[in-house]
Amino acid sequence: MKNTKLVRWVLVCLLFSFSTMSVVLGAGELNSTWSYEGENNPDRWGEISIEYETCSTGLFQSPIHLTSSNLIRENGNIETHYQATPLVINNNGHTIEVNYKPGSYVLINGQKYELKQFHFHTPSEHSLNGKKSEMELHLVHQNEQGKIAVIGLFIKEGQANPTLATIWENLSEKQGIQEVKNKTINGANFIVNNPTYFHYQGSLTTPPCSENVLWNMITEPIEASRQQIEQFMDLYPMNARPIQEHNDRLVELIMNQSS
Ligand SMILES: [Zn+2]
C-alpha cells in the first residue's frame with residue numbers, strides 16, 4: 001500500500017515536473033532573448049543558451065579597442081562593389097537593419113563576400129584611440145562557404161547624412177520587416193573615398209558571438225546630425241556590446257581604393 005502511494009506520488013511529481021518543463025521550454029523563446037541591459041545583459045549572454053557559449057568562452061571576440069599606433073601595414077586589397085537595393089527595413093528588436101538584394105559584394109584579398117544587410121549600433125562598439133563615436137554602422141557580408149566579413153564605420157555627430165535620412169524617414173517603432181515602396185538605397189554612399197581599414201579576426205558582436213568573422217573597420221568616420229542620432233536612440237537608446245579582450249590579435253592596416 002505504502003509502495004503504491006509512493007509510486008503514485010513519484011508519478012505525480014514526474015508529471016508535474018514535465019508540465020513545468022514544457023511551460024519553461026515554451027517560454028524559452030522569451031527567456032533566451034538576449035539584451036543589452038537587465039537580466040540578459042552582455043555579461044550573461046554565454047549562459048542564456050548553449051548556442052551562445054562562445055560569447056563567454058571565445059578568445060577572438062568583438063568589438064575591441066583600435067589604435068592607430070603599432071600597426072602593421074599590409075598590402076591587402078579591399079574593394080566594395082555595391083549597387084542600389086530596394087529599401088527594406090527590418091526593426092528586429094535589437095537594431096534597425098536594412099536588407100540587401102543579391103548582387104552587391106566586397107572583394108577582400110580577392111575573396112568575394114556578398115552584402116546581406118547593414119545595421120546600426122549606438123554608441124559605437126569599437127573604440128578608436130580610446131574614444132567611442134556616437135554610432136557605428138555594420139555592413140554584413142557572407143561568402144559561399146558561410147564565412148562572414150563585416151565592413152564597419154564610425155558615425156560621429158556632424159552634418160545630416162542624406163542616405164540615413166532616406167532610411168530614418170521610414171523608421172517605425174513597430175518591429176518587423178517593412179518594404180518601402182519606390183525607394184532605393186545604396187550602401188556605397190556610406191563608403192568614403194580611398195578608405196583605410198583596420199583589418200582583424202573577430203566575432204559577431206551579438207549572440208551567438210560566432211568567431212572567424214573578418215572585421216574591416218574604416219578609420220575615417222562618417223557623419224550624422226544630432227537629430228538623426230537621437231532619432232535612432234529613441235528606438236534603441238543603447239545597443240553596443242562592451243569592448244572584449246584583445247588577446248594580442250594582429251590588427252593590420254589596409255589602404256586602398258574602393259570602387
Ligand atoms: Zn553589428
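## Start with two tryptophans

Select Trp 34 and Trp 45: both of these residues are buried. Here "buried" means under 20% relative accessible area, "exposed" means over 50%, and "partly exposed" is in between (1.4 Å probe, protein chains only).

Before you go on, some housekeeping. You're looking at a predicted model, so local features need pLDDT of at least 70 and side-chain atom pairs count only at pLDDT 80 or more, while totals for chains, interfaces and linings use all residues. Residues are numbered from 1 along each chain as its sequence is written, and side-chain values use heavy atoms, with hydrogens and water left out.

**The whole chain**

Zoom out and switch to cartoon view. You should find six helices and 14 strands; these are DSSP runs, with helices (H or I) of at least four residues and strands (E) of at least two, numbered from the N terminus. Of the 259 residues, 44% count as buried. Contacts (heavy atoms within 4.5 Å) with a separation of 6 or more come to 67% from residues 24 or more positions apart.

Now colour by pLDDT, the predictor's confidence in each residue, from 0 to 100. The chain average is 89, and 86% of the residues score at least 70. Select residues 11-30 next: the pLDDT there is below 50, and beyond near neighbours in sequence this stretch has one contact in the model. Where pLDDT is low, the predicted coordinates should not be read in detail.

**The zinc ion**

Which residues coordinate the zinc ion? Show His 119, His 121 and His 138: the first two use NE2, the third uses ND1, and the distances are 2.0 to 2.1 Å. Donors here are N, O and S atoms within 2.8 Å of the metal (3.2 Å for Na, K and Ca); water is not among the atoms, so sites may look incomplete. Along the sequence, the donors follow the spacing H-x1-H-x16-H. His 119 and His 121 are both buried.

**Strand β9 and its partners**

Select residues 135-142. That's strand β9, and seven of its eight residues are buried. Add strand β7 (residues 111-121), which pairs with β9 in the antiparallel sense over seven bridges; two strands pair if DSSP finds at least two bridges between them. Look for Leu 115, which stands opposite His 141 in β9.

Then add strand β10 (residues 148-157), another antiparallel partner of β9, this time over eight bridges. Here Leu 137 stands opposite Leu 153 in β10. Follow the chain from β9 to β10: the two form a hairpin with five residues between them, and Gly 146 in the turn has a positive phi of about 90 degrees.

**Ring pairs**

Show the aromatic side chains. The structure holds eleven aromatic pairs. Rings of Phe, Tyr and Trp (its six-membered ring) pair if their centres lie within 6.5 Å; planes under 30 degrees apart count as stacked, over 60 as edge-to-face and the rest as tilted. Back at your starting point, Trp 34 and Trp 45 make an edge-to-face pair, 5.2 Å centre to centre with 70 degrees between the planes. Trp 34 lies in the loop between α2 (28-31) and α3 (45-48) and Trp 45 in helix α3, so the pair ties together parts that are eleven residues apart in sequence.

Why does the pair of Phe 232 and Tyr 236 count as tilted? Their ring planes meet at 40 degrees, with centres 5.9 Å apart, so the pair is tilted. Phe 232 and Tyr 236 are both buried. Widen your selection to Tyr 100, Phe 118, Phe 120, Trp 168 and Phe 190 as well: ring pairs link these with Phe 232 and Tyr 236 into a cluster.

**Some backbone oddities**

Select Ser 62 and Pro 63; the peptide bond between them is cis, with omega near 5 degrees. Pro 63 is in the loop between α4 (54-57) and β1 (65-66). Another cis peptide bond joins Pro 207 and Pro 208, where omega is about 10 degrees. You'll find Pro 208 in the loop between β12 (196-203) and β13 (211-224).

Last stop: the loop between α6 (226-235) and β14 (252-255), home of Asn 247. Asn 247 has a positive phi of about 50 degrees although it is not a glycine. Asp 248, found in the loop between α6 and β14, also has a positive phi of about 50 degrees without being a glycine. Is each one buried or exposed? Asn 247 counts as partly exposed at 38% relative accessibility, while Asp 248 counts as exposed at 78%.
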